[in-house]
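Welcome! Here are some short exercises to work through with the sequence and the structure side by side.

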Amino acid sequence: MKKLKMVTTVLLVSLSLILSACGTSKTGGDGGKKTLRVVTDAAYAPFEYQDKGEVVGFDIDFVKAVAKEAGYPVKVEHVGWDPVFIEIEGKTADIGVSSITITPKRIQTYDFTVPYFLSKNEILVPKGSPIKSAKDLEGKKIAVQNGTTGQEAVEKLFGENNDKLKKFDNNNLAILELKKGGVDAVVADNTVIETYVKNNPKDDFVFIEDDGTFEKEFYGLLLPKGSKLKAELDKAVNKLLDNGTYEKLYEKWFKIKPDIKILKEQQ
Ligand code: ARG
């Protein structure tokens, strides 16, 4: 009897050793969870941009904090705007983070986490421009990033096949076109526009808000349809919204306090 007990104990101990070895070899020792592939379009400061070859920004800090809270290691890669959607649809990446607005059209193809940021479109023009509101954009040449809600907003105002609308692969190229005088305005997310104006005083650009025209938008982390991560990530986002981590990150990047209530109301 004693012998049998010992054999069982030895067997159990070795089994658990084998199991724990399996766990660490697969995950690199992070509590049994796989490394998540996170893709982004790092040309949208201050949310995601490249600094000395590194992808940084509010979104990047945020997605890392969310993954950490959920117990996952992450690897963030800049792939470009269209590829973010292609990779998530094709499930070659786990999370897309790119100031991505949750829209009725996108939720047909993708899942999103609960909202983490309030945004709206805004207009960027040279100082002294006659454009003072969205309505003044009529008949003017406008640059947007292709496939964004900025493009949607302009098309909603002036029609889908508007030949005055110039679409670019990333938002920096749209702004460059304004600098060159190839267009009269850029339409993009307010925080990005305002950060550009502040960081590039020599360009002499100003931003135009138009709350009557541009609707409230909410960013979410983009996930493949049916992603098993959604529940875990939603829980992690809510934890960060509740425990002060989100507020800290927000203040680090934007120097003001976030409106957490409005985010929660969307859930
Ligand atoms: N919020 C807008 C959208 O979802 C623009 C996002 C652009 N993001 C970027 N990283 N280029 O369409």
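**Exercise 1.** How far does a polar side-chain atom of aspartate 41 lie from a nitrogen atom of the ligand?

*Solution.* This is a predicted model, where local features need pLDDT of at least 70, side-chain atom pairs count only at pLDDT 80 or more, and totals for chains, interfaces and linings use all residues. Residues are numbered from 1 along each chain as its sequence is written, and side-chain values use heavy atoms, leaving out hydrogens and water.

Step 1: The distance for aspartate 41 is 2.8 Å, which fits a polar contact (a pair of N or O atoms within 3.5 Å).
Step 2: Now try glutamate 48, whose polar side-chain atom is 3.3 Å from a ligand nitrogen.
Step 3: Serine 98 uses a backbone N or O atom, 2.8 Å from a nitrogen atom of the ligand.
Step 4: Of the 350 Å² of accessible area that the ligand has on its own, the protein covers 100% (Shrake-Rupley method, 1.4 Å probe).

**Exercise 2.** Describe the shell around the ligand.

*Solution.* Step 1: Count the neighbours: 14 residues surround the ligand, and Asp41, Ser98, Ser99, Arg106 and Asp189 are the closest (a heavy atom within 4 Å).
Step 2: Sort them by class, and you get four nonpolar, six polar and four charged residues (Gly counts as polar; Asp, Glu, Lys and Arg as charged; Ala, Val, Leu, Ile, Met, Phe, Trp, Tyr, Cys and Pro as nonpolar).
Step 3: Look at the domains: domain 1 (36-118 + 219-265) and domain 2 (121-208) each supply at least three residues of this shell, with bounds from an automatic or database domain assignment.

**Exercise 3.** Which residues does a cis peptide bond join?

*Solution.* Step 1: The bond joins alanine 45 and proline 46, with omega about 5°.
Step 2: Place proline 46 in the loop between β2 (43-44) and β3 (48-51) (strands are DSSP E runs of at least two residues).

Technical notes
Polar contact = N/O pair within 3.5 Å; in protein donor to acceptor, adjacent residues only side chain to side chain. Helix = DSSP H or I, 4+ residues; strand = E, 2+ residues; numbered from the N terminus.
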